[in-house]
Amino acid sequence: MIKTVKDNLNGFKLVSLLTPLAMILEVIMEMIIPRYMASIVDDGVAKGDMAHIYRMGIMMFVMALIGLFAGIAGGAFGARASAGLAKNLRKSMYDRIQTFSFSNIDKFSSAGLVTRLTTDVTNVQNAYQMLLRMGTRAPFSLIFAMIMAFTINAKISLIYLGAVILLSIFIAFIMSRATKYFKQTFEKYDELNASVEENVSAIRVVKAFVREDYENDKFTKATKNLYNMFMNAEKTIITNMPVMSATVYTSILLISWIGAKMIVAGDLSTGNLMNLLTYCMNILMSLMMLSMIFVMITMSSASLNRISEVLREETDIKNSEAPIYEVRNGEIEFKSVSFSYNKNGEKPVLNNINLKINSGETIGIIGGTGSSKTSLVNLISRLYDVSEGSVMVGGADVKNYDLETLRDKVSVVLQKNVLFSGTILENLRWGDENASLEDCKRVCRMACADEFIEKLPDKYDTFIEQGGSNVSGGQRQRLCIARALLKKPKVLILDDSTSAVDTATDAKIRRAFAEEIPDTTKLIIAQRVSSIQSADRIIVMDDGEVVGFGTHEELLSGNEIYRDVYESQTGGSGDFDENGGAQ
Amino acid sequence: MAETKVKEVKMGGPGGRMRGPRPKLENPGKLIKRLFGYIFKYYAPHMAVVVVCIVVGVLASVQGTLFTKTLIDSYIAPLLLADNPDFAPLGRAIIRVAAFYGIGVLSTWIYSRIMIEVTQGTMKRIRDDMFTHMESLPIKYFDTHAHGDIMSMYTNDIDTLRQMISQSMPQMFNSLITIISVLVSMVALSIPLTGLTLFVVFIMLFTTKKVAGQSGKFFLSQQKDLGSLNGYIEEMIKGQKVVKVFNHEEKSVEKFDELNQNLYNSAYNANQFANIVGPINAQLGNVSYVLCAMLGGILVLKNIGGFTVGGLASFLTFNKSFNMPINQISMQFNSIVMALAGADRIFKLLDEEPELDEGYVTLVNAKEVDGRLTESSERTGKWAWKHYHKATDTTDYVELKGDVEFNDVDFGYNDEKIVLHNIKMFATPGQKIAFVGSTGAGKTTITNLINRFYDIQDGKIRYDGINVNKIKKADLRRSLGMVLQDTHLFTGTVMENIRFGRLDATDEEVIKAAKLANADGFIKRLQEGYNTVLTGDGANLSQGQRQLLAIARAAIADPPVLILDEATSSIDTRTERIVQEGMDRLMKGRTTFVIAHRLSTVKNSDCIMVLENGRIIERGTHDDLIAEKGKYYSLYTGNAIA
């Protein structure tokens, strides 16, 4: 964890060092000032030496000035160091994530990655600044105050030492208990908020079943529970304050009593007694500060931990050492392929798959949910690596290709596809940066996207909102297909990519494929039989295995599963929506 | 498919939030008054004790500070002169001060102890009030407010409010009392020195204001930069798989670097300015201390106004304890303004108009006595609408049958934009009505009018001959079962989730409903069967399984009228068949409104309504509509053009 911070201080090492130094200087000044103060009282006032008072006063001004500069420097350096650390952490994580394979991303989930890049970094940034500034200030002012007190009078200072040791033990005890309580409480708190979230999104269900009172009851019980937990945690923590002030006061009284005796005996001056009392306050303030820092560090260490996890994660798909930069054609072959997402020997999702697909063929893939259709096609562009066997594209193992080349030539339209904020043109050019407007229009015609784009007021310059929320599901799918076509791929994979497109348009798109990119191998996953019926051959999948591979007619007569699906969907489209499920 | 949610442990405490810019408040006085009203309503005696304790605590500590003067002037000085020093009076004085301190410590403890109760109690109350009120709000509220914004009230706003009540408020009060009592003591000790101290305080406040203004500007731009960076991160990371598929990694990093650098610049500047306020004030405090020491030294030496060394010592301590609370107040100020902004949002939620219910017709258990319906106190399986007529002072009982009629209904989410026009339809008990049409045609909207999620602009909806506006909403909704397309489940066991439909259902009844819905099979195969705990909206179940649970939930409620929103292509054919069977069984003998996506459902409906742009453009049975060769025909034959 400390390594994570150290590795991410590039360019900010100097300020990270200077901040504590400046803070120490500030503390030293703060500690010396009472010394001069005592001198004013003892040597100046008591002896009637005005010149001494002025001299000491000026010295104190100088000290205050140095302290001021040190303080400002510490503040500025600390801000720079912590903002810099945050910047570097974000950058390291973001870069790291770019190397992640699909399975790395699955492991963290994208929501998890976003939290790490945002909230967690902010937590660490705040804690680092606190650590650099207060974290130096508190222990050093404690130590200096102790040293100063001891140089004034060692005997009397033993009282401090005793008080500090006693208090430290007590605070450590309280804090460790409180942190435990608070951790539990925050977990409950998160649960409570999760249930609010549930209610906000399911409000229609709650209202439809008239369950407002029931939910209120449930919620009130949960808040009562949370109340009790918070009370327990807080009750522990508030014992801190009275114990601390009791210790301060006892020390003050003890020092007053012993100090008075010493003054009378001539072992201590009045000014020094005042100083000792000032240092007493200093020491206890530092202790309080330390306990706060302790809590803060414990809390942010969880964040730092999560960040380290991302930085430590090794991508499991690496580029070949002697990569091939050209994909010969769109021929695909699966040789005894088995695959599981989890390497710890869970039941494989694909089992001993052997397939040979010729370049330029159109292949339909059909099968129930969980029959591993998506897993099958994901292996072709090496989004995941096979567990056993090999996948060949254009006559070479996918592992031997340069990843970028492979993914350029094997174009996938993912099932869960997204558009990014930007114009339609910008989105399309993800497929090919240098594509001309003409190229873009051509692929949009193939994907039947031109008809709606032309109707938009800004046409190809229409701005797409984040996630493509301002276009309908069917329109989004068509844009995604166009984007994938722009790569001029040798293999095109559509993973349930026309589910929200009406049947007629769906057919039109397929016709365009057949006419305009006959040499490209096309793999089409679909739920609708009508989408794949006209394919050259159809793969039927069931429970991770290929249970049928042949033409529509062959399968209809020889494959029970296929016939079953076909019969349930016969008679026009099984789907009445032009735009599918996007409600 | 919804992506699996991974629950991140959210960090509480001070680290979780960036200090933001000072938001503008319209009427802070009114807000504070209302917030105080909230606290004092239940905790007035508590707060009285707290105030007393704070005052006692401050006075005790001031007494302690004054003791330094007494110690030096009244005890040490005479002792120094005495030949045979007697320490007994000093001992007594110390015990006396110890007693003061004791009282101080005790009152600090009492007030913090009471304060946590007040804080946590108020927090609980606010949470409960917010939630209860939220549940009572009309659907429209949830349509017009982003869920993230609502959630942020429960998390961020409540958190800042908690900090304000538990820390800022007592600290402010404490500081105020300290300032007053210290000021009084200082004036008592020396007026010229007090004047000097106040002068430096004035300079302090002035610089704080200047610097804080600078940092505020940078905090604003930091907030903006943070927002755009986070937005970018969210968009790109959510689409990371697409980034990979298109080899777009380098491009994605380019823009990120730029935004990251912007944030660094503004964050660095904002924090830098915020950080230097402390040292400036601390050193000004030291200057104030030095000036007082020098001036005080002169006063003591010249013996002006009988000022003593002990007096100077005490004054200097006061000088330090005067500057501290002033710094604290200026530091707390920001967090109080932020908390009030949160309180403002919370109160706005609490002020939202709840769903209006002027209905008076209620749903009661009924039994037939001598051919007439009367009310029954126990569950009879038969229901009736209890309709009281004010004009004639009589009460009718109308049997609940499930007869629904729309008469020239117009509806719009607001008055300017009407989305449904002249909807006329009639469903007799047991009939199945299917709605067909493209997204946005108004299918879902119609069903939301029957259960009065929204109120219509014009026309009438009658249920068993009664205007739905006259029926109590809770009773109306209880008589309607709903299975929505995106199923929402709640954290809890499978059993609890099904029982949500009827709270007093026995375990056997739940299992029976699950069997009817075809859900029993998969539930039994779950690790803990009916006791399997579902979390995160049932994230561990497949889409089809979630739907089966929703069907079971509606089945156990056993309503005479059903509103079904069929799932589209997200489930595979085999599961679809199982879901279909469940739905069919549920629909038997009930009036059903179904938003249909499936041919089989549409085909065997009693009446099909084809909607387009908020109007019913075709209606009739499947055969009628095919013969008509209109929109339905083109949808059916797949020749529609999008």
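# Report on a predicted two-chain model

Helix α3 (residues 50–99) of chain A supplies the largest share of a nonpolar patch, namely 4 residues. The model described here is predicted. The members of the patch are A:Leu25, A:Tyr54, A:Ile58, A:Val62 and A:Ile66, which lie on the surface and together have about 420 Å² of accessible area. One of them, A:Tyr54, is located in helix α3 of chain A. A:Tyr54 counts as partly exposed because its relative accessibility is 41%.

## Nonpolar cores

The largest nonpolar core holds 135 residues, and the members that touch the most others are B:Met130, B:Leu161, B:Phe406, B:Tyr463 and B:Phe593. The greatest contribution to this core is made by helix α8 (residues 309–351) of chain B, with 15 residues. A second core, separate from this one, has 123 residues, among them A:Ile365, A:Leu428, A:Cys444 and A:Ala526.

The surroundings of B:Met130 can be described in detail. When residues up to four places away in sequence are not counted, B:Met130 touches B:Met153, B:Tyr154, B:Ile158, B:Ile346, B:Leu349 and B:Leu350.

B:His133 belongs to helix α2 (residues 88–136) of chain B. With a relative accessible area of 15%, B:His133 is buried, because the limit for that class is under 20%. Apart from neighbours within four places in sequence, B:His133 is in contact with B:Leu349, B:Leu350, B:Glu352 and B:Pro354. Two of these residues, B:Leu349 and B:Leu350, are also touched by B:Met130.

## The interface between the chains

Contact between the chains involves 166 residues of chain B and 170 residues of chain A. About 15300 Å² of area is buried between chain B and chain A, and carbon and sulfur atoms give 65% of this area. The interface between chain B and chain A also has 2 salt bridges. One salt bridge joins the side chains of B:Glu355 and A:Lys207, with an N to O distance of 2.6 Å. Both B:Glu355 and A:Lys207 belong to a network of salt bridges that also includes A:Glu212, B:Lys473 and B:Arg477.

## Salt bridges within the chains

Over all chains, the count comes to 32 salt bridges. Three pairs that lie within a single chain are set out below.

| Pair | N to O distance |
|---|---|
| A:Asp385 and A:Arg382 | 2.8 Å |
| A:Lys508 and A:Glu451 | 3.3 Å |
| B:Arg34 and B:Asp351 | 2.9 Å |

In the pair of A:Asp385 and A:Arg382, the side chains meet in a salt bridge. A:Asp385 counts as partly exposed because its relative accessibility is 21%. A:Arg382 has a relative accessibility of 4% and therefore counts as buried.

A:Lys508 forms its salt bridge with A:Glu451. A:Lys508 is in helix α17 (residues 503–516) of chain A and A:Glu451 is in helix α15 (residues 450–453) of chain A, so the pair ties together parts that are 57 residues apart in sequence. A:Lys508 counts as partly exposed, at 38% relative accessibility. A:Glu451 is partly exposed as well, with a relative accessible area of 25%.

The salt bridge in chain B joins B:Arg34 and B:Asp351. This pair links distant parts of the chain, since B:Arg34 is in helix α1 (residues 28–81) of chain B and B:Asp351 is in helix α8 of chain B, 317 residues apart. Helix α8 of chain B is also the element that gives the most residues to the largest nonpolar core. B:Arg34 is partly exposed, at 33% relative accessibility. The relative accessible area of B:Asp351 is 46%, so this residue is partly exposed.

## The surroundings of B:Trp383

B:Trp383 is placed in strand β3 (residues 383–389) of chain B. Its relative accessible area is 25%, and B:Trp383 is therefore partly exposed. Although B:Trp383 and B:Leu400 are 17 residues apart along the chain, their C-alpha atoms are separated by 5.4 Å. B:Leu400 is one of the residues that B:Trp383 touches when those up to four places away in sequence are not counted. The others in that list are B:Leu363, B:Val364, B:Asn365, B:Ala366, B:Val398 and B:Glu399.

Note on methods. Residues numbered from 1 in each chain as written. Chains lettered and ligands numbered in written order. Predicted model: local features only at pLDDT ≥ 70, side-chain atom pairs only at ≥ 80, totals over all residues. Heavy atoms only, no water. Patch = residues over 30% accessible without salt bridge, like charges linked within 9 Å, V, L, I, M, F, W, Y side chains within 5 Å. Areas by Shrake-Rupley, 256 points an atom, 1.4 Å probe, with all protein chains shown as cover. Salt bridge = Lys/Arg side-chain N within 4 Å of Asp/Glu carboxyl O. Helix = DSSP H or I, 4+ residues; strand = E, 2+ residues; numbered from the N terminus. Buried < 20%, exposed > 50% of the residue type's maximum accessible area, 1.4 Å probe, protein only. Core = buried A, V, L, I, M, F, W, Y, C linked by side-chain atoms within 4.5 Å. Contact = heavy atoms within 4.5 Å. Buried area = accessible area lost by both parts, 1.4 Å probe.
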